[in-house]
Amino acid sequence: MGKSKYFADRLSDNWPTCQILDSRNCVEVYCQESNLDYNITVLRLFYLTSDVSVTDMWHGVKNALGILRVAVELECPQIVANCVDYLEAVPWEEAEEEEILKIIPGMGAQAEPVLARLRPVNPLAIVKIFLSAIRFSTSSPSSSLNDLKTSAQEQLEYMLTEDDDAPLLTADDEIKLEVRQCVNRLSSRFVNLVHSLVGDLQESVAKSEKLELFKSNLSDLLWASQILAKLESLRDFVYSWVETSENIVKVVEHTCPAGELSEAKLKVLEVTVKVLEAIGYGTVILPTKKRLNMIKIWLPFIRVVKFSIDSVTSDDDKNLLLKIDGELWQSLESAFVSIVLTLPSGNQAEILTEWLENKHIHYPDLTEAFEVWCYRSKVAKRRLTMLDESHQTTNSV
């Protein structure tokens, strides 16, 4: 019974009941019914010949775990070692992994190797894989690698997301700088592509390979804006989009007729809402002229797109797929209102006048901006008079 310390002890002369009749010929092992098969398997393993592979007896992770539990109870070091070697080497399904986490930690050092793949990774290794993934994800690889790129982007976002667990990575200044540089390179390629498309608008090439690249870059930029938002590093991204906005609208309007919906239009919309929110809520500070210009460029474009989408009939399956939820429209509307309210009152009056005369007055609804403008305009003289009087009083004192 050298294969089991439990049986060796029970059958030894030193066991307290060794002199009792039949005690050395019969050892009772108590087990739950659910573990009976595993106990029988362990007993069979005692009698395996040396030319039989023990791993052939496991028949999967679940069986190996059951055998391991019994082997630990019966103190069978060789069987435990074989189980551990097997479990450490084979792939696990999710349910099996959860079972391993329940069972293995209570088994001590002998089962530690099984948990190696589940242990926290060295922070330096996390940083290295994050930087490699961000470089790949922003490198605009060939279309054959789109699935790999999408997967890398999803995992990068997951690494930075705080859910039931803390983010896998806490970005320091060095990491933020590298991310900004990677996204800046992506933005630069996009800007160059947009300029190229503007120059090719009369040629058929603008509707083929370059347009596909245009849509792909838009997807990457949308993802990048979400990463930068998590890292509070949106400034360069917003500046680049602001400077290119006029040409982006030109490309989309020329390649996609006003009444026609397209994937490119909707992707442009999704990126633009991130930019407008950053501007409207003060995340990125822009001078008055640029804020006003963003309103003048994007307000007419978004109105027309909204009208096109609202015009899609329920039986138009192809276009119905392009419908987007109300949350995005609400976000765009709120961002427009916020930006309008940051402008000088004269500019606000100009925008509100155009809105009230526009046939698409229903979207975006600038009622809140109108109400605030009316109140500020009505009380402006009184407020400023009171302010002047306060200053005069202070100076006289």
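Helices (at least four residues) and strands (at least two) are DSSP runs, numbered from the N terminus. Keep that in mind as we explore this predicted model.

Q: How many helices and strands does the secondary structure of the protein chain come to?
A: Let's count both kinds of element. Strands come to zero in the protein chain. The helices of the protein chain come to 16.

Q: What percentage of the residues of the protein chain count as buried?
A: A residue is called buried when its relative accessible area is under 20%. The protein chain has 397 residues, and the share of them that count as buried is 40%.

Q: Why does the distance between the end C-alpha atoms of helix α8 agree with the expected span?
A: Helix α8 runs over residues 173–199, which gives 27 residues. The expected span is 1.5 Å times one less than the number of residues. For α8 that comes to 39 Å, so it agrees with the distance between its end C-alpha atoms, 39 Å.

Q: Which helices are included in what covers the buried residues of α8?
A: First, look at what is being covered: the buried residues of α8 include Ile175, Val179, Leu186, Phe190 and Leu197. Among the elements covering the buried residues of α8 are α6 (123–137), α9 (209–230) and α10 (235–255).

Q: At the start of α8, which residue has a side-chain oxygen that reaches the backbone nitrogen of Glu174?
A: The two atoms here are a side-chain oxygen and the backbone nitrogen of Glu174, and they come to within 3.2 Å. The residue that supplies the oxygen is Asp172.

Q: Are helices α12 and α14 roughly parallel or roughly antiparallel?
A: Helix α12 (residues 288–310) and helix α14 (residues 326–342) pack at an angle of about 155°, their axes 11 Å apart. Angles over 145 degrees count as roughly antiparallel. Therefore α12 is, relative to α14, roughly antiparallel.

Q: Which residues in α14 meet those of α12?
A: On the α12 side, the residues taking part include Trp298, Leu299 and Ile302. Their partners in α14 are Trp329, Leu332, Phe336, Ile339, Val340 and Thr342.

Q: Is Tyr239 buried, partly exposed or exposed?
A: You can find Tyr239 in helix α10. Buried means under 20% relative accessible area and exposed means over 50%. Tyr239 has a relative accessible area of 26%, so it is partly exposed.

Q: Which residues does Tyr239 touch, not counting residues up to four places away in sequence?
A: Sequence separation can mislead, so look in space too: Tyr239 and Ile279 are 40 residues apart in sequence and 9.9 Å apart, C-alpha to C-alpha. Leaving out residues up to four places away in sequence, Tyr239 touches Val284, Ile285 and Leu286.

Methods:
Residues are numbered from 1 along each chain as its sequence is written. This is a predicted model: local features need pLDDT of at least 70, side-chain atom pairs count only at pLDDT 80 or more; totals for chains, interfaces and linings use all residues. Side-chain values use heavy atoms; hydrogens and water are left out. Buried means under 20% relative accessible area, exposed over 50%, partly exposed in between (1.4 Å probe, protein chains only). Contact means heavy atoms within 4.5 Å. A polar contact is a pair of N or O atoms within 3.5 Å; within protein, one must be able to donate a hydrogen and the other to accept it, and residues adjacent in sequence count only if both atoms are side-chain atoms. Axes are lines fitted to C-alpha atoms, for helices over the stretch in contact, and angles run from 0 to 180 degrees between N-to-C directions. Angles under 35 degrees count as roughly parallel, over 145 as roughly antiparallel, 65 to 115 as roughly perpendicular and the rest as oblique.
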